[in-house]
Amino acid sequence: MIHAYTGDGKGKTTAAVGLLIRAFGAGRRVGVIFFDKGSETYRHNELVVLDRLSIEYHVTGLERMKPDGSFRFGALEEDKVEAARGIELATDIISAGRLDLLVLDEVLTTMTYGLLDKKTIEELIDRCPEELELVLTGRCTDKELLEKADLVTKMVKHKHYFDRGVKARPGIEF
Ligand code: ATP
Ligand code: MG
């Protein structure tokens, strides 16, 4: 089945990682490609757990935090190269049939930001074998693309503490 976790509320990556852990517990071969966790500044704590459990993961995406602590928005040519590298990894894993569940975290956001073509993701979905559970996460408003998934869950932001200035906290946001 193809899953898509999208929307502007918190919970997309944590839901995907939660499913990965559950599937791993059931003895399934699982893995994840993170499209936006290439930061050297932040220690993404889900990676600590995946290391401990020896779960396969790959990290793509360039640092977005600038030395002064502000964030870089917008796309560089190198960001596209990193996004394409993530897709290449996914394509290899899918064609080798190495995993039963593969999470492509923030792949939809990556497309929304214009780093990947929609066609690239559609092709990936089309080549996904029956036996593979594929989980796509990230912000996306493209109805046609979401329609290709078997399950679409939208996290809707009713309220978020960020709106009152609470900063991202280790173990909760990353
Ligand atoms: P999570 O990883 O918690 O499941 P998510 O994958 O749904 O969240 P992302 O858009 O990937 O959401 O955001 C990563 C984390 O950063 C989330 O915990 C989210 O709540 C938080 N976040 C979202 N918007 C902001 C913001 N404007 N400032 C700081 N942190 C934010
Ligand atoms: Mg996320």
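**Salt bridges, a metal site and a parallel sheet**

Let's start with a charged pair: Glu 82 and Arg 85 form a salt bridge, and their closest N and O atoms are 3.0 Å apart. Before I go on, please keep in mind that this is a predicted model. Both residues belong to helix H3, where they sit three residues apart, about one turn of the helix. Are the two partners buried or exposed? Glu 82 counts as buried, at 14% relative accessibility, while Arg 85 is partly exposed, with a relative accessible area of 36%. As background, side chains of opposite charge can pair when their charged atoms come close.

Let me stay with helix H3 for a moment. The helix covers residues 77-96, and Thr 91 is found in it too. A polar atom of the Thr 91 side chain lies 2.7 Å from the backbone oxygen of Ile 87. Which residues does Thr 91 touch, once we leave out those up to four places away in sequence? They are Leu 124 and Arg 127.

Now back to the charges. How many salt bridges does the structure hold? The count is 10, and I'll pick out a few more of them.

Helix H5 gives us a nice one to begin with. Lys 119 and Glu 123 form a salt bridge there, with the closest N and O atoms 3.2 Å apart. Both lie in H5, four residues apart, again about one turn of the helix. Lys 119 is exposed, at 55% relative accessibility, and Glu 123 is partly exposed, at 38% relative accessible area.

The next pair also uses helix H5, but reaches out of it. Glu 144 forms a salt bridge with Lys 118, and here the closest N and O atoms are 2.5 Å apart. This pair links distant parts of the chain, since Glu 144 lies in helix H6 (residues 143-146) and Lys 118 in helix H5 (residues 118-126), 26 residues apart. As for burial, Glu 144 is exposed, with a relative accessible area of 52%, and Lys 118 is partly exposed, at 23%.

There is also a network of salt bridges, and its members are Lys 10, Arg 169 and Glu 173.

On to the metal, which I expect some of you have been waiting for. What coordinates the magnesium ion, ligand 2? The donors are OG1 of Thr 13 and OE of Glu 106, at 1.9 to 2.1 Å. Thr 13 lies in helix H1 (residues 12-25) and Glu 106 in the loop between strand E4 (101-105) and helix H4 (107-112), so the pair ties together parts that are 93 residues apart in sequence. Thr 13 is buried, with a relative accessible area of 12%, and Glu 106 is buried as well, with a value of 12%.

That mention of E4 brings me to the sheet. It is an open sheet of six strands, paired in parallel, and its order is E3-E2-E4-E5-E1-E6. Why is one side of E3 and of E6 left without a neighbour in the sheet? Strand E3 (56-59) and strand E6 (151-154) stand at the edges, and each has a single partner strand, so there is nothing in the sheet on the other side. From one strand to the next, the twist averages 10°.

To finish, let's look at the E3 edge. Strand E2, residues 30-34, runs parallel to E3 and is joined to it by four bridges. One residue to click on there is Gly 31, whose bridge partner in E3 is Glu 56. In general, strands of a sheet pair through backbone hydrogen bonds, either parallel or antiparallel. Thanks, everyone!

Key
Residues numbered from 1 in each chain as written. Chains lettered and ligands numbered in written order. Predicted model: local features only at pLDDT ≥ 70, side-chain atom pairs only at ≥ 80, totals over all residues. Heavy atoms only, no water. Pairing = 2+ DSSP bridges. Helix = DSSP H or I, 4+ residues; strand = E, 2+ residues; numbered from the N terminus. Axes fitted to C-alpha atoms, helices over the stretch in contact; angles between N-to-C directions. Donors = N, O, S within 2.8 Å, 3.2 Å for Na, K, Ca; no water. Buried < 20%, exposed > 50% of the residue type's maximum accessible area, 1.4 Å probe, protein only. Polar contact = N/O pair within 3.5 Å; in protein donor to acceptor, adjacent residues only side chain to side chain. Contact = heavy atoms within 4.5 Å. Salt bridge = Lys/Arg side-chain N within 4 Å of Asp/Glu carboxyl O.
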